[in-house]
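Work through the exercises below with the sequence and the structure open beside you. Each task is followed by a solution in steps.

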Number of protein chains: 2
Amino acid sequence: MVGITTQAGSATQPRTPLSKVRVLDAAVALADEGGVDALSMRKIAQALDVVPMALYKHVANKNELLDGMIDVLVGEIDPPAGDTDWKTAVRRRVLSARRMLLRHPWAPEVIESRIKARSTPTPAVMAYLDSMIGIFRAGGFSVDLVHHALHVMGSRLLGFSQELFQDSSDGEPDPDALAPEEMAARYPHITELAMAVAHDQESVVGSGCDDQFEFEFALDLTLDGLERLRLGTR
Amino acid sequence: MVGITTQAGSATQPRTPLSKVRVLDAAVALADEGGVDALSMRKIAQALDVVPMALYKHVANKNELLDGMIDVLVGEIDPPAGDTDWKTAVRRRVLSARRMLLRHPWAPEVIESRIKARSTPTPAVMAYLDSMIGIFRAGGFSVDLVHHALHVMGSRLLGFSQELFQDSSDGEPDPDALAPEEMAARYPHITELAMAVAHDQESVVGSGCDDQFEFEFALDLTLDGLERLRLGTR
DNA sequence: CTTGACGGGTGTACGGCGTACACCTACCGT
DNA sequence: ACGGTAGGTGTACGCCGTACACCCGTCAAG
């Protein structure tokens with residue numbers, strides 16, 4: 001009865017080894033079928049036929065695991081279509097993101113909770129946003145207008161609400177922060193936008209972006225759109 | 001050393017008794033200063049100088065406590081101003097809600113998580129929505145247009161995203177559901193809207209509301225608004 | 001062929017969590 | 001005087017995340 005392994009049913013084949021993606025995929029699958037409350041390190045381990053502590057060789061802790069899960073989801077969003085106007089490109093992308101969210105109803109909650117706990121989104125989210133900004137820029141939007149547009153789109157870009165970059169300058173300086181040049185190389189559009197916003201009002205100490213203004217801008221745009229609809233002048 | 005009470009510092013005065021609102025207020029205060037992760041029944045009890053199990057005489061369990069906390073927050077939103085046009089009325093209300101959310105940054109996450117766990121929002125949330133719908137109706141919006149408008153506003157109405165009423169017809173029939181007539185009396189506008197939507201397309205089996213259509217409607221309204229901005233035709 | 005480092009799975013243990021259940025007690029209407 | 005009841009207490013259970021020590025197979029260097 002006592003085989004080579006303590007966990008595997010059959011002791012013959014050496015069992016495919018764990019890996020970060022295997023752990024992440026198992027976690028996503030578990031969340032899909034039981035919601036995020038039913039997700040625990042112990043359950044993931046059980047699903048992988050492994051002892052709980054084994055997971056920690058591949059993810060630092062549960063928070064990092066959640067971050068990784070988000071990245072998996074973002075990876076499910078279709079890449080931008082390069083051969084159309086900005087509007088249909090954005091439209092397709094957002095609808096693709098929505099489809100992903102419908103597949104994983106627990107996602108918004110996790111994204112919401114993770115954003116509040118990190119100073120900066122994960123690289124996959126950054127890349128997604130960067131390419132989204134790229135679509136707007138290619139469509140003839142000014143940097144400022146793209147900035148407004150992102151706020152207007154708000155939660156429609158992904159599950160999450162405003163204040164994506166709320167304040168990247170609090171607490172300790174984030175050990176895995178990118179050097180500026182690498183940042184610019186990897187996320188050109190985000191960098192461009194960030195620089196513009198920063199220069200725009202260098203007197204302000206805050207986040208370099210007047211959240212209140214942006215919120216009201218988006219709100220008014222929406223209200224005006226509704227008004228137009230009400231009057232039939234569309 | 002052994003006084004009348006085991007918990008209170010001084011055993012002389014009989015200590016103000018617990019109550020649901022005292023528990024809720026303490027919970028909100030704790031969440032405000034430590035985030036929702038730092039919220040535990042044990043911590044709340046400690047803050048109230050009481051043993052953890054005492055809380056359960058006033059709230060059924062932690063989920064009900066979270067629901068109650070949301071109600072407290074919704075109660076902080078200013079009531080609608082009755083003496084203006086619909087647009088400024090909505091505007092003020094939404095901005096008031098936003099101020100509340102800024103005071104309680106943990107709120108969106110909790111709201112998000114609670115919505116997924118309940119078939120119907122709490123009464124306070126219902127009342128908030130009802131009066132919001134009332135503002136639109138009084139402003140001359142048709143029932144259908146209000147319906148669209150709610151979807152368009154999306155997360156701006158509160159912290160939460162779309163699918164507020166996602167599918168009230170799954171699982172068991174919800175023990176504390178209201179009788180239709182009481183429902184109509186208490187939330188007249190919600191009832192009106194729900195009836196209209198239901199009649200609208202009685203052939204469809206689903207939720208009586210084509211979520212996909214609504215999502216795209218809101219998306220397109222937003223995109224059109226952005227396009228107008230881009231072209232300077234505003 | 002030995003050896004030693006090391007990547008990766010294991011086992012034990014700790015403190016914190018939500019809460020079921022039994023209890024105790026002060027008060028109040030009869 | 002007395003039984004009920006509302007409300008606070010104490011104990012205990014099972015789950016959680018994870019620190020820490022361990023152990024073993026692989027493989028490069030000697």
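**Exercise 1. Find the atoms of V51(A) and S40(B) that approach a phosphate oxygen of DNA strand C, and state the distances.**

Solution. The model is a predicted one.

Step 1. Start with V51(A): a backbone N or O atom of this residue is 3.1 Å from a phosphate oxygen of DNA strand C.

Step 2. Go on to S40(B). Here an N or O atom of the side chain lies 3.1 Å from a phosphate oxygen of DNA strand C.

Step 3. Compare the part of the residue used. V51(A) takes part through its backbone, whereas S40(B) takes part through its side chain.

**Exercise 2. Describe the protein surface around DNA strand C: how many residues surround the strand, and which helix gives the most to this surface?**

Solution. Step 1. Count the residues: 20 surround DNA strand C, and the closest are M53(A), H58(A), R42(B), Y56(B) and K62(B).

Step 2. Take R42(B) from that list. An N or O atom in its side chain lies 2.3 Å from a base nitrogen of DNA strand C.

Step 3. Assign residues to helices. Helix 2 of chain B, residues 41-47, contributes the most to this surface, with three residues.

Step 4. Sort the surface by class: nine residues are nonpolar, five are polar and six are charged.

Step 5. Turn to the DNA side. Among the atoms of DNA strand C within 4 Å of the protein, 45% are part of sugar or phosphate, and the rest are part of bases.

**Exercise 3. Repeat the description for DNA strand D, and give the distances from S40(A), Y56(A) and H58(B) to a phosphate oxygen.**

Solution. Step 1. DNA strand D is surrounded by 21 residues, of which R42(A), Y56(A), M53(B), K57(B) and H58(B) are the closest.

Step 2. Read off the phosphate contacts. A polar side-chain atom of S40(A) is 3.0 Å from a phosphate oxygen of DNA strand D. For Y56(A) the distance is 2.9 Å, and for H58(B) it is 2.8 Å.

Step 3. Helix 2 of chain A, residues 41-47, gives the most to this surface, with three residues.

Step 4. By class, the surface has ten nonpolar, five polar and six charged residues.

Step 5. Of the strand D atoms within 4 Å of the protein, 46% belong to sugar or phosphate and the rest to bases.

**Exercise 4. Decide how helix 3 and helix 5 of chain A are oriented to each other.**

Solution. Step 1. Recall what is needed: a pair of packed helices is described by the angle and the distance between the axes.

Step 2. Helix 3 (residues 62-74) and helix 5 (residues 107-117) of chain A pack at about 125°, and their axes are 10 Å apart.

Step 3. The two helices of chain A are therefore oblique to each other.

Step 4. The crossing of helix 3 of chain A past helix 5 of chain A is left-handed.

Step 5. List the residues that meet: N63(A), L66(A), D67(A), I70(A) and L73(A) from helix 3, and A107(A), V110(A), I111(A) and R114(A) from helix 5. Six residues of this contact are nonpolar, one is polar and two are charged.

**Exercise 5. Classify two helix pairs of chain B: helix 1 with helix 3, and helix 4 with helix 6.**

Solution. Step 1. The axes of helix 1 (residues 20-34) and helix 3 (residues 62-75) of chain B come within 9 Å and cross at roughly 80°. These helices of chain B are therefore roughly perpendicular. Their contact has nine nonpolar, one polar and three charged residues.

Step 2. Helix 4 (residues 86-103) and helix 6 (residues 123-138) of chain B pack at about 155°, with axes 9 Å apart. Helix 4 of chain B is therefore roughly antiparallel to helix 6 of chain B.

Methods: Residues are numbered from 1 along each chain as its sequence is written. Chains are lettered from A and ligands numbered from 1 in the order in which they are written. This is a predicted model: local features need pLDDT of at least 70, side-chain atom pairs count only at pLDDT 80 or more; totals for chains, interfaces and linings use all residues. Side-chain values use heavy atoms; hydrogens and water are left out. A residue is near a molecule or strand if one of its heavy atoms lies within 4 Å of it. A polar contact is a pair of N or O atoms within 3.5 Å; within protein, one must be able to donate a hydrogen and the other to accept it, and residues adjacent in sequence count only if both atoms are side-chain atoms. Helices (H or I, at least four residues) and strands (E, at least two) are DSSP runs, numbered from the N terminus. Ala, Val, Leu, Ile, Met, Phe, Trp, Tyr, Cys and Pro count as nonpolar, Asp, Glu, Lys and Arg as charged, and the others, Gly among them, as polar. Axes are lines fitted to C-alpha atoms, for helices over the stretch in contact, and angles run from 0 to 180 degrees between N-to-C directions. Angles under 35 degrees count as roughly parallel, over 145 as roughly antiparallel, 65 to 115 as roughly perpendicular and the rest as oblique. A crossing is left-handed if the near helix is turned anticlockwise from the far one by less than a right angle, and right-handed if clockwise. Contact means heavy atoms within 4.5 Å.
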